[in-house]
Amino acid sequence: MAKVISTLFISADGVAEIDPDWHFPYFDENMGRAVTEDYDAADVLLIGRETYDSFAGAWPDREAAGGEDAGLAKRLGDVRKVVVTRQSLEFPWRNSELIAGDLVGAVTALKADAGVRGILIPGSISVVQQLLAAGLVDELRLLVHPVAARKGRKLFDEGDTAYHLRVLATEAFPTGVLRVIYAPVEAPGKASYDDVKDQVPAGN
């Protein structure tokens, strides 16, 4: 079964709505490598409408220009792109298609498709939030910037149930960016202060 992987640039206070002013100063070859590894893990991109419009408005022109980022632009053009939107949409960018049916049902079908190796969600906060709530995200790959953005949309929305996460890998970059890969897990057993008080540091 294919994995669903979310990859996000995020601030230390949880803002995943990127502001170029706090994002690009921290982008270096290490972050570029991490992004490449994320794209290597998948053969389908699952993209929200806003992210698609942003990508489609930039990457085809970059591919045509033939600059130093043309290789990545071609790769993004060649990969299958499934767009999540309730609105009608024309697809000027090749290999783009509208999601078939409701989000949860369509992603469940994609995960079960033997021809799909991995599904990557770049950005697309609302898509990630919906799939987290449905239990369909297998990995959260976060590039945590050493900045408190203080404004912008956060990854984790308000809800009644906590998301518990297991750390699969971590890496610290010289810029101060932390790469953290999480997998959602079941909640641990309940505990109270009485259960842990023997671990409290002793007084002097």
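1. In this predicted model, the side chains of E37 and R33 meet in a salt bridge, with N and O 3.5 Å apart. Both residues belong to helix α2, which covers residues 29-40, and they are four residues apart, or about one turn of the helix. An α-helix has 3.6 residues a turn, so residues three or four places apart point the same way. E37 counts as partly exposed at 33% relative accessibility, and R33 is likewise partly exposed, with a relative accessible area of 30%.

2. A further salt bridge links R94 with D78, and here the closest N and O atoms are 2.9 Å apart. R94 is in the loop between β3 and β4 (96-98), whereas D78 is in helix α5 (residues 70-78), so the pair ties together parts that are 16 residues apart in sequence. R94 is partly exposed at 34% relative accessibility, and D78 is partly exposed with a relative accessible area of 37%.

3. D138 and K111 also meet through their side chains in a salt bridge, at 2.6 Å from N to O. Because D138 lies in the loop between α7 and β6 while K111 lies in helix α6, this pair ties together parts that are 27 residues apart in sequence. What is the accessibility of K111, buried or exposed? At 7% relative accessibility, K111 counts as buried; the threshold for that term is under 20% relative accessible area. Its partner D138 is partly exposed, with a relative accessible area of 28%.

4. Salt bridges that share partners join K3, R33, E37, D38, E139, R141, E171 and R179 into one network. The pair of point 1, E37 and R33, is thus included in this network. Over the whole structure, the search finds 15 salt bridges. As a general remark, side chains of opposite charge can pair when their charged atoms come close.

5. Turning to the interior, the largest nonpolar core has 29 residues, of which L46, L103, I119, L131 and L155 touch the most other members. At least two residues of this core come from each of β1 (3-11), β2 (44-48), β3 (80-84), α6 (103-112), β5 (118-122), α7 and β6. Helix α7 gives the most, with five residues. Apart from this core lies another, of 22 residues, among them F55, W59, W93 and L143.

6. L103 illustrates the packing in the largest core. Leaving aside neighbours within four places in sequence, L103 is in contact with L46, V84, V127, Q130 and L131. Two of these partners, L46 and L131, are themselves listed with L103 among the residues that touch the most other members of the core.

7. Helix α7 spans residues 125-133, and I125, V127, V128, Q129, L131 and L132 are buried in it. Just after α7, G135 takes a positive phi of about 75°.

8. The strand pairing around β8 may be checked in the structure. Strand β8 (residues 178-185) pairs with β6 (residues 139-145) in the antiparallel sense over five bridges. Strand β7 (residues 164-172) also pairs with β8 in the antiparallel sense, over eight bridges. Which residues mark these pairings at L178? V144 stands opposite L178 in β8, and L178 is also the bridge partner of A172.

9. The hairpin of β7 and β8 has five residues between the strands. Within this hairpin, G176 takes a positive phi near 100°.

10. On the surface, Y193, V196 and V200 form a nonpolar patch, with about 280 Å² of accessible area together. Y193 lies in helix α8, which covers residues 193-196. Y193 is exposed, with a relative accessible area of 56%.

11. Finally, some values for the chain as a whole. The chain has eight helices and eight strands, and the C-alpha trace spans about 70 × 40 × 30 Å along its principal axes. Buried residues make up 40% of the 204 residues. Of the contacts with a separation of 6 or more, 71% are accounted for by residues 24 or more positions apart. The accessible surface comes to about 11800 Å², and 51% of this belongs to carbon and sulfur atoms.

Methods:
Residues are numbered from 1 along each chain as its sequence is written. This is a predicted model: local features need pLDDT of at least 70, side-chain atom pairs count only at pLDDT 80 or more; totals for chains, interfaces and linings use all residues. Side-chain values use heavy atoms; hydrogens and water are left out. Buried means under 20% relative accessible area, exposed over 50%, partly exposed in between (1.4 Å probe, protein chains only). Two strands pair if DSSP finds at least two bridges between them. A nonpolar core is a set of buried Ala, Val, Leu, Ile, Met, Phe, Trp, Tyr and Cys residues joined through side-chain atoms within 4.5 Å. Contact means heavy atoms within 4.5 Å. Patches are made of residues with over 30% relative accessible area and no salt bridge: like charges are joined within 9 Å, nonpolar side chains (Val, Leu, Ile, Met, Phe, Trp, Tyr) within 5 Å. Accessible areas come from the Shrake-Rupley method with a 1.4 Å probe; for residues, only the protein chains shown count as cover. A salt bridge is a side-chain nitrogen of Lys or Arg within 4 Å of a carboxyl oxygen of Asp or Glu.
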